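Trainee: Hi! Could we go through this one together before lunch? I'd like to start with the sheets.

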Amino acid sequence: MKIPRPDASTQQLRVGRLVKAHGLKGALKLELYTDDPDRRFTPGAVFTLQVPTSSPWHGSTLTLAELRWYNGQPVGFFEGVADRSAAESLVKAILWIDQDAEEEPEEDAWYDFQLVGLRAQRDGEEVGRVVRVEHFPAQDLLVIDTGEREVLVPFVSAIVPAVDIAAGVVTITPPPGLLEELPEEKTAEGEAPAEPEPESEPESETASEPEEREL
């Protein structure tokens, strides 16, 4: 599942992440978040960077010079990134690109504003509402308010199999323990098992010697 950048007015898509410096000339290995890299990663493509505010690249854009493939791994060369030190300063940056207003949206792609407010249902019953979306390098997370607490739900098809914007519903199939705390293990009598008592120190196997007395 794909989530465009939170600001709907810019209509940007998250298309990749810079994962590791490659070689000495500023190249970076890429993790792709798009099904169409030939369209997104063309020479001259300009990416908005998602980096911490402390990064020297915060607020900057990055222009692709060339995309190459090494052993099936995409590697990008970018303008202004001339050496390994510069490349290492970009590791973990997430790449966003402007989406053409006339192009068809990618399959299973939603904007944050479309997801926030959706009713989260499990087995047909409402369990909470989506209050925001968190973007992390590994995956996106839906933050669902259950009324008692906020739960982070990985936005992957195995756990979020359906999103119905028109109906205002997102269907989730969370693993046990994600939405509620699992009960403690019970014994046959319905009581929690008692904690094992500490073992007593074993008695010495050596008999004590009788005290010597003067006659």
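Trainee: Which strands make up the closed barrel, and in what order do they run?
Mentor: Six strands form the barrel, in the order β1-β2-β5-β4-β3-β6, and their pairing is antiparallel. Keep in mind that this is a predicted model.

Trainee: Noted. And by how many degrees are neighbouring strands turned against each other there, on average?
Mentor: By 50 degrees on average, if you ignore direction.

Trainee: What about β1 and β6, how many bridges join them?
Mentor: Five, with the two strands running antiparallel. Strand β1 covers residues 12-22, while β6 covers residues 94-98.

Trainee: Which residue of β6 stands opposite Leu13?
Mentor: That's Ile97.

Trainee: Okay, switching to the other sheet. What is the strand order in the open one?
Mentor: Reading across, you get β10-β9-β8-β7-β12-β11, so to speak a row of six strands, and the pairing is mixed.

Trainee: Remind me what "mixed" is drawing on?
Mentor: In general, strands of a sheet pair through backbone hydrogen bonds, and the pairing can be parallel or antiparallel.

Trainee: Which strands stand at the edges of the open sheet?
Mentor: Those are β10, residues 150-154, and β11, residues 162-164. Each has a single partner strand, so one side of each has no neighbour in the sheet.

Trainee: And what does the twist average there?
Mentor: From one strand to the next, the twist averages 35 degrees.

Trainee: Let me follow β9 for a bit. How does it pair with β8, parallel or antiparallel?
Mentor: Antiparallel, over six bridges, with β8 spanning residues 125-135 and β9 spanning residues 140-145. Within that pairing, Arg132 has Val143 of β9 as its bridge partner.

Trainee: What stands opposite Val143 in β10?
Mentor: Leu152 does. Strands β9 and β10 are also antiparallel, with five bridges between them.

Trainee: How many residues lie between the strands in that β9 and β10 hairpin?
Mentor: Four, and Gly147 in this hairpin takes a positive phi near 100 degrees.

Trainee: Nice. Zooming out, how many helices and strands does the chain have?
Mentor: Three helices and twelve strands.

Trainee: What share of the residues counts as buried?
Mentor: Of 215 residues, 35% do. The chain exposes about 14,000 Å², and carbon and sulfur atoms supply 47% of that area.

Trainee: Last one: what share of the contacts joins residues at least 24 apart?
Mentor: It's 54%, counted among contacts between residues at least 6 apart in sequence.

Key. Residues numbered from 1 in each chain as written. Predicted model: local features only at pLDDT ≥ 70, side-chain atom pairs only at ≥ 80, totals over all residues. Heavy atoms only, no water. Buried < 20%, exposed > 50% of the residue type's maximum accessible area, 1.4 Å probe, protein only. Contact = heavy atoms within 4.5 Å. Areas by Shrake-Rupley, 256 points an atom, 1.4 Å probe, with all protein chains shown as cover. Pairing = 2+ DSSP bridges. Axes fitted to C-alpha atoms, helices over the stretch in contact; angles between N-to-C directions.
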